[in-house]
Amino acid sequence: MRKRELPKTIDVLKALPYSERAKLWAKYSPHPFKRQNRSLWYYIQCDRLGLRIEKKHLVKIKRYKDNPSECVTRAARTKYNLTPGAIIRKEFRGIVHEIIVNDDNTFTYNGEKYRTLSAIAKDISGIKISGPDFFGLSQRKCHDN
């Protein structure tokens, strides 16, 4: 059996007949080929360089292959789905703390910028703690049995 030559450019890949692209896809993925040319091109480049695709990227490829615009929407969201300019108030040990949500996905607390709510929660409480949990923003729901 002769070794199949990998396309040199994405344009060459796109010009291949559907059946040839499907055969290439089968080499990299157990899922059926549905014209995922960009994903196939990514697989080919990794193969050419002798790299393995990390599992986290495979999960994203599978999750967004049928709806790539959802991936863009999720990437554009601000942290914790907070609107820039929003103020988060938390009373802790009798003191009310105010955090301002900035438009660059950072937070301002006592005049200082923080990258995460967890860093602010640690400064306020003195212990390492989940910021969303501390400020009541966690999506998780508690179920009492």
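A search of the whole structure finds 2 salt bridges, and they make a friendly starting point for a tour of this predicted model. From there we can visit an open sheet of 4 strands, the helix α6 that lies across β1, β2, β3 and β4, and the nonpolar core of 14 residues to which α6 supplies the largest share.

**The salt bridges**

- One salt bridge joins Glu-20 to Lys-23, with 3.6 Å between the closest N and O atoms.
- Both Glu-20 and Lys-23 belong to helix α2 (residues 18–28), where they sit 3 residues apart, about one turn of the helix.
- A general rule helps here: an α-helix has 3.6 residues a turn, so residues three or four places apart point the same way.
- Are these two partners buried or exposed? Glu-20 has a relative accessible area of 27% and is partly exposed, and Lys-23, at 43%, also counts as partly exposed.
- The other salt bridge links Arg-89 with Glu-98, whose closest N and O atoms are 2.9 Å apart.
- Arg-89 is exposed because its relative accessible area is 54%, over the 50% cut-off.
- Glu-98, at 41% relative accessibility, counts as partly exposed.

**The sheet**

- The strands of the open sheet come in the order β1-β2-β3-β4, and their pairing is antiparallel.
- Which strands form the edges? They are β1 and β4, each of which pairs on one side only.
- On average, neighbouring strands of this sheet are turned by 30° against each other, direction ignored.
- Strands β2 and β3 pair in the antiparallel sense over 3 bridges.
- Look for Ile-99 and you can trace its bridge partner in β3, which is Tyr-109.
- As background, strands of a sheet pair through backbone hydrogen bonds, either parallel or antiparallel.

**Helix α6 against the sheet**

- Helix α6 covers residues 117–125, and its buried residues are Leu-117, Ile-120, Ala-121, Ile-124 and Ser-125.
- Why do these buried residues line one face of the helix? Seen down the axis of α6, they fall within an arc of 120°, so they share one face.
- That set of buried residues packs against β1 (87–92), β2 (95–101), β3 (107–109), β4 (112–114) and α7 (131–134).
- The helix α6 lies across β1, β2, β3 and β4, and runs at about 15° to β3.
- Right after α6 comes Gly-126, which has a positive phi, near 85°.

**The nonpolar cores**

- The largest nonpolar core has 14 residues, and those with the most contacts inside it are Ile-88, Ile-99, Phe-107, Leu-117, Ile-120, Ile-124 and Phe-135.
- Strands β1, β2 and β3 and helix α6 each supply at least two residues of this core.
- Which element gives this core its largest share? That is α6, with 4 residues.
- Apart from this core lies another, of 10 residues, including Trp-25, Phe-33, Trp-41 and Ile-44.
- In soluble globular proteins, nonpolar side chains tend to be buried together.

**One more residue to find**

- Lys-62 lies in helix α4 (residues 55–64).
- With 43% relative accessibility, Lys-62 counts as partly exposed.
- Lys-62 and Ser-29 are 33 residues apart along the chain, and their C-alpha atoms are separated by 10.0 Å.

Conventions
Residues numbered from 1 in each chain as written. Predicted model: local features only at pLDDT ≥ 70, side-chain atom pairs only at ≥ 80, totals over all residues. Heavy atoms only, no water. Buried < 20%, exposed > 50% of the residue type's maximum accessible area, 1.4 Å probe, protein only. Arc of directions from axis to C-beta. Contact = heavy atoms within 4.5 Å. Pairing = 2+ DSSP bridges. Axes fitted to C-alpha atoms, helices over the stretch in contact; angles between N-to-C directions. Salt bridge = Lys/Arg side-chain N within 4 Å of Asp/Glu carboxyl O. Core = buried A, V, L, I, M, F, W, Y, C linked by side-chain atoms within 4.5 Å.
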